[in-house]
Amino acid sequence: MAGIDDAMSVAIFGIVKSIMFSNDSVTSQILQGPISIIGGLGFGLLWGVICHYIPEKHDPFMVPLRILLLLMGGMVSVFGSELIGT
């Protein structure tokens, strides 16, 4: 629950910051918050499934491969969200 609480507070902070410093309409700014949360949850679930199935369970390098996949997923999510402008 603490992780969900942290994610929600960061998302709400981003919404308030974008409302204060943006020239777009308030309605589009408010709608961008839930859309980004749903997109982030979808990407996280998809990447979690990929990390669960890609390295086979009997692979001797399973743990380092999963760590690299998680690192890559985090970087894709950060740089991808910057690329699409959320």
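**Figure 1. Helix 2 passes helix 3 in a right-handed crossing.** What you're looking at here, as in every view below, is a predicted model. The two axes come within 10 Å and cross at roughly 160°. Angles over 145 degrees count as roughly antiparallel, and helix 2 and helix 3 are therefore roughly antiparallel to each other. To find the pair along the chain, look for residues 26-53 for helix 2 and residues 62-84 for helix 3.

**Figure 2. A closer look at the residues where helix 2 and helix 3 touch.** On the helix 2 side, the contact is made by Phe43, Trp47, Cys51 and His52. Helix 3 brings Arg66, Leu69, Leu70, Met72, Gly73, Val76 and Ser77 to that contact. Sort these residues by class and you get seven nonpolar, three polar and one charged.

**Figure 3. Helix 1 and helix 2 also make a right-handed crossing.** Helix 1 covers residues 2-20, and its axis comes within 9 Å of the axis of helix 2. The two cross at roughly 155°. That angle is again over the 145-degree cut-off, so helix 1 and helix 2 are roughly antiparallel to each other.

**Figure 4. Zooming in on the contact of helix 1 with helix 2.** From helix 1, look for Met8, Ala11, Ile15, Ser18 and Ile19. They meet Gln29, Ile30, Gly33 and Ile37 of helix 2. By class, there are six nonpolar and three polar residues in this contact, with no charged ones.

**Figure 5. Ser36, a residue of helix 2.** Is Ser36 buried or exposed? Neither label quite fits: its relative accessibility is 35%, so Ser36 counts as partly exposed. Now find Pro60, which sits 24 residues away from Ser36 in sequence. In space, the C-alpha atoms of Ser36 and Pro60 are 37 Å apart.

**Figure 6. Stepping back to see how the close-ups fit into the protein.** How many helices and strands are there? The protein has three helices and zero strands, and its elements run α-α-α from the N terminus on. Its C-alpha atoms fill a box of roughly 50 × 30 × 15 Å along the principal axes. The radius of gyration is 16 Å, whereas a compact globule of 86 residues would have one near 12 Å. As for burial, 9% of the 86 residues count as buried.

Technical notes:
Residues are numbered from 1 along each chain as its sequence is written. This is a predicted model: local features need pLDDT of at least 70, side-chain atom pairs count only at pLDDT 80 or more; totals for chains, interfaces and linings use all residues. Side-chain values use heavy atoms; hydrogens and water are left out. Axes are lines fitted to C-alpha atoms, for helices over the stretch in contact, and angles run from 0 to 180 degrees between N-to-C directions. Helices (H or I, at least four residues) and strands (E, at least two) are DSSP runs, numbered from the N terminus. Angles under 35 degrees count as roughly parallel, over 145 as roughly antiparallel, 65 to 115 as roughly perpendicular and the rest as oblique. A crossing is left-handed if the near helix is turned anticlockwise from the far one by less than a right angle, and right-handed if clockwise. Contact means heavy atoms within 4.5 Å. Ala, Val, Leu, Ile, Met, Phe, Trp, Tyr, Cys and Pro count as nonpolar, Asp, Glu, Lys and Arg as charged, and the others, Gly among them, as polar. The radius of gyration is taken over C-alpha atoms; the globule rule is 2.2 Å times the number of residues to the power 0.38. Buried means under 20% relative accessible area, exposed over 50%, partly exposed in between (1.4 Å probe, protein chains only).
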